Amino acid sequence: MSVGAPRGLASSGQKPITEILHPLSAAEDLLSGTVSVGGDKSTQEAGLTNGTPVETSSPASTSSLFNRLQLDDDLEADVRDPYAETTETRDLFVTVDDPKKHVSTMETYITYRVSTKVCYWPVSWTSRVEFDLPDYCLRRRYQDFDWLRNKLEDSQPTHLIPPLPEKFVMKGVVDRFSEEFVETRMKALDKFLKRVSDHPVLSFNPHLNTFLTAKDLNKRQGLALLTKVGESVKHAAGGYKLRARPAEFCAMGEYLDTFNQKLGTIDRIAQRILKEQSEYLTELREYGTVYSSWVGSEEELRRPLEGVSGSVTSCCGALEDLGEGMSQDFLPVLREYVLYVESMKNVLRKRDQSQAEYEGRLEAAIIRKQEDRTPMPVEVEKCQDKVECFNADLKADWERWQSNKRQDFKQLLTGMADKNVNHYEKCQAAWESLITLLQDKQTEDKTSETN
């Protein structure tokens, strides 16, 4: 291969796409179809990977989505996953934490501490010769992360670059300097850097090294050679038109459309649930206040009324915790994967452009060869290498993404179940304590009447 960054690790050992289990279906059979360069829509009817047609105008319910999710309870299966990183094989550890607000005459912004630790296995120096020190600690703001991602996308066009959280304020959050917003963004930035540093190719990118080690990040500097590679792919298609996308990449596009539709449905329902919970919480707090204010005029009912007020207050706290868990833990993961889908579609489009360029040049070369028997131009071979590089890297990144997604959604849904169980256990305990109080009060009243 003559084009692209070193990709030996990323392009080795990948399985055909048709062998990857669709997490939204119990079947492994994948559909295929043809597309044009400018889009991801298949000419075939949209469907799940088991062949069941999907009505795009009427998304499936949230419950049906969860029923399709394949949550493998066998932890050993994840350990055997060739793309599941472990602490024994990783040598680069990155953490984003400690957000700080900076106020100047020109602007107000947040910076985050980026800590990097390079491990050497077992005793000798690792292959990370690009790092001069074993530890680094510096501060970066959001636009620095954005710079890094743009550089990665330009210099590694054949790879899937993890998404960043939205640049602007997320839905439902008004103050971008609020503690909740900053905490949510910090977690997303931390996940972004961890995904990049765990990648067998992206983690060796010189722009990442600059981001992690340079005290003063000069965003205008860059590696001209790598940037040219990205720009050549970006403008590769020219006037060429893709004949047909290979079946396995058609299956990718169909999967991404279906997966994105399900995520959007869940997100909309979750947003409505949060709104209704917020309204219910307001009413519940007012409801508890009525009982506490009633105590002043009913001395004989003081203990029962205080008990009801306390139970309602406990339920309010449990509901508030449940809502915070959904807004801070559940919804950000959904949004991350919506952005992931867009990133994957972008790589697919660039792959199609590369294939279209190759097909166009090859066809032109064949015509010239028939006319004057000229040898096959070197540019055609380079275009073929570029397509093969795209295919190999995209397949490897697809498998890695699927592995990460299985783990993320297993953790997400398990956490959601735990939070709901905890919520209802708190509410049950609150009302059971009230029953005990009322029974004790009844016993005391009977004893008083007897005496």
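**View 1. K405 lies over the face of F259 in this predicted model.** The distance from K405 to the ring centre of F259 is 5.2 Å. F259 is buried, at a relative accessible area of 3%. F259 also belongs to an aromatic cluster, together with Y255, Y337, Y340, W398, W401 and F409.

**View 2. F259 and F409 meet edge-to-face.** Their ring centres are 6.0 Å apart, and 65° separates the planes. F259 sits in helix α7, which covers residues 247-294. F409 sits in helix α9, which covers residues 378-450. The pair therefore ties together parts that are 150 residues apart in sequence. F409 is buried, with 7% relative accessible area. Buried here means under 20%, and F259, at 3%, is therefore buried as well.

**View 3. The charged end of R141 sits over the ring of Y109.** The distance from the centre of that ring is 3.9 Å. Y109 falls within strand β2, residues 108-118. R141 is the last residue of strand β3, residues 135-141.

**View 4. Three strands form an open sheet.** Their order is β1-β2-β3, and the pairing is antiparallel. The edge strands are β1 (92-103) and β3 (135-141), each of which pairs on one side only. On average, neighbouring strands are turned by 20° against each other, direction ignored. Strands of a sheet pair through backbone hydrogen bonds, either parallel or antiparallel.

**View 5. A hairpin leads from β1 to β2.** The connection runs through 4 residues. How many bridges join β1 to β2? There are 10, and the two strands run antiparallel. One position to look for is L92, which stands opposite V118 in β2.

**View 6. Strands β2 and β3 are joined by 7 bridges.** These strands also run antiparallel. K117 of the sheet stands opposite D135 in β3. T116 has Y136 in β3 as its bridge partner. In a regular strand the side chains alternate between the two faces of the sheet.

**View 7. Helix α3 packs on the sheet.** This helix spans residues 142-155 and touches β1, β2 and β3. The direction of α3 makes about 105° with that of β3.

**View 8. Helix α4 packs on the sheet too.** Residues 179-198 make up this helix, and it touches β1 and β2. Its direction makes about 150° with that of β1.

**View 9. F131 and Y136 form one of the 15 aromatic pairs.** A pair of aromatic rings is described by the distance of the centres and the angle of the planes. For F131 and Y136, the centres are 6.0 Å apart and the planes stand at 55°, so the pair is tilted. Are these two residues buried or exposed? F131 is buried, at 2% relative accessibility. Y136 is buried as well, with a relative accessible area of 12%.

**View 10. K215 lies in the loop between α5 and α6.** Helix α5 covers 206-213, and helix α6 covers 224-234. K215 is exposed, with a relative accessible area of 78%. The C-alpha atoms of K215 and L138 are separated by 6.8 Å. Along the chain, these residues are 77 apart.

**View 11. C315 and C427 are not bonded.** A disulfide is a covalent bond between the sulfur atoms of two cysteines. Why is there no bond from C315? The closest cysteine sulfur, in C427, is 3.7 Å away, which is too far. The cut-off is 2.5 Å. The chain has 0 disulfides in total. C315 is buried, at 8% relative accessibility. Another cysteine, C389, is buried at 1%.

**View 12. The whole chain puts the close-ups in context.** It has 9 helices and 3 strands. Along the sequence, the pattern is α-α-β-β-β-α-α-α-α-α-α-α. Of the 451 residues, 45% are buried. Among contacts with a separation of 6 or more, 77% join residues 24 or more positions apart.

Definitions and conventions: Residues numbered from 1 in each chain as written. Predicted model: local features only at pLDDT ≥ 70, side-chain atom pairs only at ≥ 80, totals over all residues. Heavy atoms only, no water. Pairing = 2+ DSSP bridges. Axes fitted to C-alpha atoms, helices over the stretch in contact; angles between N-to-C directions. Contact = heavy atoms within 4.5 Å. Phe/Tyr/Trp six-rings, centres within 6.5 Å; stacked < 30°, edge-to-face > 60°. Buried < 20%, exposed > 50% of the residue type's maximum accessible area, 1.4 Å probe, protein only. Lys NZ or Arg CZ within 6 Å of the ring centre and 35° of its normal.
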